[in-house]
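Student: Hi! Could we go through this structure together? I'd like to start with how its strands pair.

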Amino acid sequence: QVQLVESGGGLVQPGGSLRLSCAASGSFFSINVMGWYRQAPGKQRELVAAITSSDSTNYVDSVKGRFTISRDNAKNTVYLQMISLKPEDTAVYYCNVKYKRYSTSPLRDSWGQGTQVTVSS
């Protein structure tokens with residue numbers, strides 16, 4: 001089982017920046033993918049950005065050029081640097097990891113508790 005602890009959300013003005021962090025702990029063989037999802041009121045949860053163990057990344061089109069995902073494998077931590085924030089970025093942001101409990105295990109999902117990001121003047 002993998003536990004995730006998120007931090008870094010808050011209230012920021014349009015054009016501002018925030019950095020989200022998510023630290024994974026627990027017992028696992030590997031963490032293959034680390035990512036961030038978000039869910040705005042009345043909308044479905046969407047993938048914002050993800051990064052693999054080989055540092056391959058992908059982003060939803062609406063954040064390309066503004067958000068950067070990175071990971072520190074030694075700390076089992078994933079970051080989301082967000083700049084030029086817009087009101088439409090307002091949402092609860094959830095950390096997600098896909099991991100293997102053992103080398104022969106299938107991939108499993110673990111979710112963080114969510115952190116609120118509000119972009120407003």
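Tutor: Sure! One term to begin with: two strands pair if DSSP finds at least two bridges between them. Keep in mind that this is a predicted model.

Student: OK, so how many bridges link strand 3 and strand 8?

Tutor: Strand 3 (residues 18–26) and strand 8 (residues 77–82) are paired over 6 bridges, in the antiparallel sense. Within that pair, Ala23 stands opposite Thr77 of strand 8.

Student: And which sheet order do the strands follow?

Tutor: The order is 1-3-8-7, an open sheet of 4 strands with antiparallel pairing. Strand 1 (2–7) and strand 7 (67–72) are the edge strands, so named because each pairs on one side only.

Student: Switching topic: how many residues are in the largest nonpolar core?

Tutor: That core has 28 residues, and Trp36, Phe67 and Val78 are among those with the most contacts inside it. Strand 9 gives the most, with 5 residues.

Student: What does Val78 touch?

Tutor: Leaving aside residues up to four places away in sequence, Val78 touches several residues, including Trp36, Ile69, Cys22 and Cys95.

Student: What joins Cys22 to Cys95?

Tutor: A disulfide, with an S to S distance of 2.1 Å. Cys22 lies in strand 3 and Cys95 in strand 9, so the disulfide ties together parts that are 73 residues apart in sequence.

Student: Are those two buried or exposed?

Tutor: Cys22 and Cys95 are both buried.

Student: Last one: why is the disulfide called left-handed?

Tutor: Because the torsion about the S-S bond of Cys22 and Cys95 is about -85 degrees.

Technical notes:
Residues are numbered from 1 along each chain as its sequence is written. This is a predicted model: local features need pLDDT of at least 70, side-chain atom pairs count only at pLDDT 80 or more; totals for chains, interfaces and linings use all residues. Side-chain values use heavy atoms; hydrogens and water are left out. Helices (H or I, at least four residues) and strands (E, at least two) are DSSP runs, numbered from the N terminus. A nonpolar core is a set of buried Ala, Val, Leu, Ile, Met, Phe, Trp, Tyr and Cys residues joined through side-chain atoms within 4.5 Å. Buried means under 20% relative accessible area, exposed over 50%, partly exposed in between (1.4 Å probe, protein chains only). Contact means heavy atoms within 4.5 Å. A disulfide is a pair of cysteine sulfur atoms within 2.5 Å.
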